[in-house]
Amino acid sequence: MLCPACEMEELKLANSKKLETKVSFCPNCNGLWLGSDQVHEVLGEMEDKLLLYQASQSFTVSCPECGEPLRGRLFPYMEAEVGICKHCKGFWVNGRDLKKFFRAIPSLKKLLVCRRNPLPS
């Protein structure tokens with residue numbers, strides 16, 4: 001799968017130390033992709049709340065799995081934006097916004113710490 005932000009870099013798989021799933025990240029821009037299977041495991045109850053946040057028109061990337069446009073959602077309290085695929089239910093966070101997520105939700109970073117390829121701190 002190509003990174004939806006870079007569009008040239010292949011997403012790499014990394015094993016989470018605490019989850020049974022692998023997460024996909026871009027080694028170039030540090031963006032993170034969670035497929036529909038991983039979204040529920042990683043985000044849990046937060047998954048349902050994502051659709052309640054303000055829609056963002058500035059999100060212009062496509063889903064790396066199905067190619068559909070990602071729907072942007074803005075998280076005002078952490079000034080971060082995510083892309084959600086309406087079709088395959090995947091979840092994209094740009095590298096710059098991933099750091100904001102980790103600061104706002106420290107438990108998320110602990111879940112996603114990977115064995116081989118560390119995610120940005």
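Let me start with the hairpin of β2 and β3. There are 6 residues between the strands, and among the residues of this hairpin N30 takes a positive phi near 65°. Keep in mind that this is a predicted model. The two strands of the hairpin pair in the antiparallel sense, over 2 bridges. One residue to look at here is S24, whose bridge partner in β3 is W33.

S24 also has a partner on β1. L13 stands opposite S24 in β2, and β1 and β2 run antiparallel, joined by 4 bridges. Next to L13 in the sequence is A14, which is placed in strand β1, residues 12–15. A14 counts as buried, at 3% relative accessibility. From A14 to S24 is 10 residues along the chain, and their C-alpha atoms are separated by 6.3 Å.

Stepping back to the whole chain. It has 4 helices and 7 strands, and read along the sequence the pattern is β-β-β-α-α-β-β-β-β-α-α. Of the 121 residues, 45% count as buried. The exposed surface of the chain is about 6,900 Å², with 48% of it supplied by carbon and sulfur atoms. If you take the contacts with a separation of 6 or more, residues 24 or more positions apart account for 41% of them.

Now the interior. The largest nonpolar core has 19 residues, and those touching the most other members are L34, L43, V82, F91, V93, F101 and L108. Which elements give two or more residues to this core? They are β2 (22–25), β3 (32–34), α1 (36–43), β6 (80–84), β7 (91–93) and α3 (95–104). Take L108 as an example: leaving aside neighbours within four places in sequence, L108 is in contact with V42, L43, F101 and F102. There is also a second, separate core, of 11 residues, which includes C26, F59, V61 and C63.

Two of the contacts of L108, V42 and L43, bring us to helix α1. The buried residues to note in α1 are Q38, V39, V42 and L43. Those four lie on the same side of α1, because they cover an arc of only 110° around the axis. The face turned away from that buried side carries the exposed residues D37 and H40.

For contrast, a loop position. T60 lies in the loop between β4 (54–56) and β5 (71–75). Is T60 buried or exposed? T60 is exposed, with a relative accessible area of 68%. The C-alpha atoms of T60 and R71 are 8.3 Å apart, with the two positions 11 residues apart in sequence numbering.

Last topic, the cysteines. How many disulfides does the count come to? The count is 0. The cut-off that matters is a sulfur-to-sulfur distance within 2.5 Å. For C29, the closest cysteine sulfur is in C3, at 3.7 Å, so that pair is too far for a bond. C29 itself is partly exposed, with a relative accessible area of 23%. For C66, the closest cysteine sulfur is in C85, at 3.5 Å, and this pair is therefore also too far for a bond. C66 counts as partly exposed too, at 30% relative accessibility.

To recap the path through the sheet strands: S24 in β2 has L13 opposite and W33 as its bridge partner in β3. That is where I will stop.

Terms used. Residues are numbered from 1 along each chain as its sequence is written. This is a predicted model: local features need pLDDT of at least 70, side-chain atom pairs count only at pLDDT 80 or more; totals for chains, interfaces and linings use all residues. Side-chain values use heavy atoms; hydrogens and water are left out. A nonpolar core is a set of buried Ala, Val, Leu, Ile, Met, Phe, Trp, Tyr and Cys residues joined through side-chain atoms within 4.5 Å. Buried means under 20% relative accessible area, exposed over 50%, partly exposed in between (1.4 Å probe, protein chains only). Contact means heavy atoms within 4.5 Å. Accessible areas come from the Shrake-Rupley method with a 1.4 Å probe; for residues, only the protein chains shown count as cover. The arc is that of the directions from the helix axis to the C-beta atoms. Two strands pair if DSSP finds at least two bridges between them.
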